[in-house]
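Hello,

Here is the structure I promised to pass on to you. Please open it alongside this email, and then read on for what turned up in it.

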Amino acid sequence: MAQTPPPPANTFAIPMPPLPNRGPRVRPRQSQFSSASFSLGPESLVQAMNFGGPSPSDMSIVEEHHRDPNASIIAASPRQSGSKRGKGKGILGRKIEKDVSILGHEERRFQPYAFSTPAPAGSQGQIAKDALGNEEKGELDEEDWSIVDRMRLWRHDAMMQHLHESAVFWGDKILSWTGDPNDAFWLAQAHFLNQQYSRAEQLLTRPFVVGPRRPENKASGKGKERARLETNGFLQTNGPATPVAGGLIGGIQFPGDVDAGTVSKLVDMSVACRYLAAQCMVRAGRWTDAIEILGESNPFRGSGRSGPNIPNSDGGIKVEASMCYLRGVLMTRLNRQDRAKEHFMEALALDVKCFDAFNELVNGNLLGIDEEWDFVQGLEFLQQVPEDADFVRLVYTIRLKKQKHVSEMALARQRLVEEYGMSENPDVLFAFAESMYAQYRWEDAFAITSRIMELVGIHPAALPTHIACMHNLRHLHPRLFLLAHELVDKDPDDPVSWYAVGVYYLLTKKFLDARKFFSKANLMDPRFGPAWIGFAHSYAYEGEHDHAIVAYSTAARLFPGMHLPALFLAMEYLQVNNLALAGEYLDLARTICDTDPLLHNERGVLAFHRQQYALAAGHFEQAIALTKTVQGTNAMWATTYLNLGQAYRKLGRLIDAKAAFVKVLELNPRHGQGFACLGLVQHVMGEYDQAIRNYHESLAIDPLDTNTIDLLNLALEINAEMPPGVLGVIGFPGGDEHWLKMMQERLDKATEGGLPPVGSQKEGIYVDELGAPSVIEGNPDSSAMEM
């Protein structure tokens, strides 16, 4: 029985045939001296793509595939047909009957590698039929496999079974045997999956000698080991290398008289290899080196082979789009948010299938509401995924911000449920829950997120909304405590787990503990927006305005498409009476989202502080009008009605003010400030009995409110000193003159004490300088941050 040919004696001797001549243009050559400088930038790869001239043979198409930015890594993905049966031996392995090398067109078996050319469009089905026909005929058996084929099968199965050490072990033996760049790529993949990023990077960036190989004598016997030579490429399944003279290239001693033109690095031969090398640098924390190897901008842009209108060449996801996405991730790590947004937008525009870029734009709040809607709706769905354009557009539409385009999103969800049967899909349910939460329907949102948790256990996108609903619903606070413990036990490395703990401590007013856990969540994921907002809230509730402003400012910088940090910054500046900065941040929040009732409430508060009472009343009215479109409970808007009543009172519209305060008590019968303000208006209008009654109601709710106590004492004294006609008796002791004199003394006393007298409406002395407990005079909106 013939033995398997041994591996080459010198494992570093991997000469391969030179690359074919691409045309009259001269390609930049790499220095063969180890002391020569070498740039990791993508310029050489792009130049190789652009300078390649036409070839008279079909090899030009095959050679360019691995440098094509519009290709995916489908050709590098483990592919398989059905199980092969032969001579009753059962399942012997998997094989691709025809797979053409990227630099060679000879038939190959089981070679789905980074330098392989995918089957032409429409031919995949024929390949499957051929494989099935061969299986039925029993032509494929163990004797059709070489030792390298079998080891490649072991390597891929080990990777699929997450046996990464096994994949590295067999991949290393295959590469030493063949010196094949395809095998080098897959060994680098195995190193990457095994979290050995330095080894993977070194393999991808080390020089490979592209020199000729010669076939040895074919081995015969079991397995029919065959050495196949590919004269037009550098892919060879078996056979030892041809020894040549020595030379030092790139720090590696090659035993051959090697010309510099025959040496290249994998990152310069394949876009997929360059992308994998950049991923290794990112995982190793070498962000600057990763940007250098990718380039700060898309090097393929403007090359004639890049753009949203150019379809993917093999039906997968363009590697160019993946590189743009990775470039955006690096920019976020370097706190360059504007550049990160540009790269994420470019990645999604190049390939709408790149959901990671979409997720960073939407969940990362890098785009405003209108900007986000216009960009997503303007993507080239029909050009890139013509058969699935409608579905992809729908699933992206339902994930956009819910403050606008409510009807369009509702229609998209309805179509996904009715036409595509996705009623139980977690992402579709999450989009519905987001719509309910945006309309302040917390009970409905919680019911939907609870269903999501039943379906999938933990849904990372829906979990923050689930926790927020439990925070807003008082009867769910005990369940939030249990959920936080469960999340910490199940996944302590997830920032959402510690965010849940921080939210529980926040609602129990243990702000120091809340800050500790919010900070821990931020350290684990600096791009986790809810933790930043909760961290700032913990300072704001304690009155630490300076620290709260710093935290809100950080959130506003990290999430430029979210209006809440700017809104909360304006509220903090109102607290410290910095009206100029408060106005700037309110304008910034309005440019991002102009449909939030809370925003218009705060704009009304700012106008009130500037004594622009008519403008303030207009903002409060607009906020109340917007609350009628969110379909939530009206009880939470009692504060806005209270502010509106105060603005009416300043304008002298006492009847309207009285109606607004009555509405406050209808929405919240236990609103202490509502009773006090209603009593104040009735006090001014001369309805002293009703005023006294409402003051007592207010003190029953808040017995330590000194302003209400002073107003009650004043109303009781005035009521006791009313003229006889008002009291309903014949006369007042001392006569009318004595009563007028007493009222004048009361007037002088009130004026000396700093409290203006309560007079007629015409005199204009009925305003709230009496010190009524007003939300505007104290906390601009005591419920805004809670909501």
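Below are some notes on rings, cores, a helix and salt bridges.

Please keep in mind that this is a predicted model.

Let me begin with the aromatic rings. The whole structure holds 24 aromatic pairs. In one of them, Y440 and W442 have ring centres 6.2 Å apart and planes at 75°, so they meet edge-to-face. Y440 and W442 are both buried. F608 and Y613 make another edge-to-face pair, with centres 5.2 Å apart and planes at 65°, and both F608 and Y613 are buried. You will also find an aromatic cluster made of F481, W498, Y504, Y505 and F517. A charge sits over one of these rings: the charged end of K520 is 3.6 Å from the centre of the W498 ring.

R515 is a good residue to look at next. Its charged end sits over the ring of Y539, 4.3 Å from the centre, and its side chain also forms a salt bridge with E542 (2.9 Å, N to O). Because R515 belongs to helix 23 and E542 to the loop between helix 24 and helix 25, this bridge ties together parts 27 residues apart in sequence. R515 is buried, with a relative accessible area of 11%, while E542 is partly exposed at 38%.

By the rule used here, there are 26 salt bridges. Another that links distant parts of the chain joins E687 and K658 (3.3 Å, N to O); E687 is in the loop between helix 32 and helix 33, and K658 is in helix 31. E486 and K490, by contrast, both lie in helix 21, four residues apart, and their closest N and O atoms are 2.9 Å apart. Further along your tour, look for R152, R155, D180 and D183, which are linked in a network of salt bridges.

Now for helix 25, residues 545-558. Its 14 residues should span 20 Å at 1.5 Å a residue, and the end C-alpha atoms are indeed 20 Å apart. Its buried residues include A548, I549 and Y552, and among the elements covering the buried residues are helix 12, helix 24 and helix 26.

Y552 appears again in the largest nonpolar core, which has 102 residues: along with I467, Y499, F518, F661 and Y695, Y552 touches the most other members. Leaving out residues up to four places away in sequence, the contacts of F661 include L642, G674 and V681. A separate core of 70 residues includes A321, M345, V362 and V385.

Enjoy exploring!

Best wishes

How values were computed
Residues are numbered from 1 along each chain as its sequence is written. This is a predicted model: local features need pLDDT of at least 70, side-chain atom pairs count only at pLDDT 80 or more; totals for chains, interfaces and linings use all residues. Side-chain values use heavy atoms; hydrogens and water are left out. Rings of Phe, Tyr and Trp (its six-membered ring) pair if their centres lie within 6.5 Å; planes under 30 degrees apart count as stacked, over 60 as edge-to-face and the rest as tilted. Buried means under 20% relative accessible area, exposed over 50%, partly exposed in between (1.4 Å probe, protein chains only). A charge sits over a ring if NZ of Lys or CZ of Arg is within 6 Å of the ring centre and within 35 degrees of the ring normal. Helices (H or I, at least four residues) and strands (E, at least two) are DSSP runs, numbered from the N terminus. The expected span of a helix is 1.5 Å times one less than its number of residues. Contact means heavy atoms within 4.5 Å. A nonpolar core is a set of buried Ala, Val, Leu, Ile, Met, Phe, Trp, Tyr and Cys residues joined through side-chain atoms within 4.5 Å. A salt bridge is a side-chain nitrogen of Lys or Arg within 4 Å of a carboxyl oxygen of Asp or Glu.
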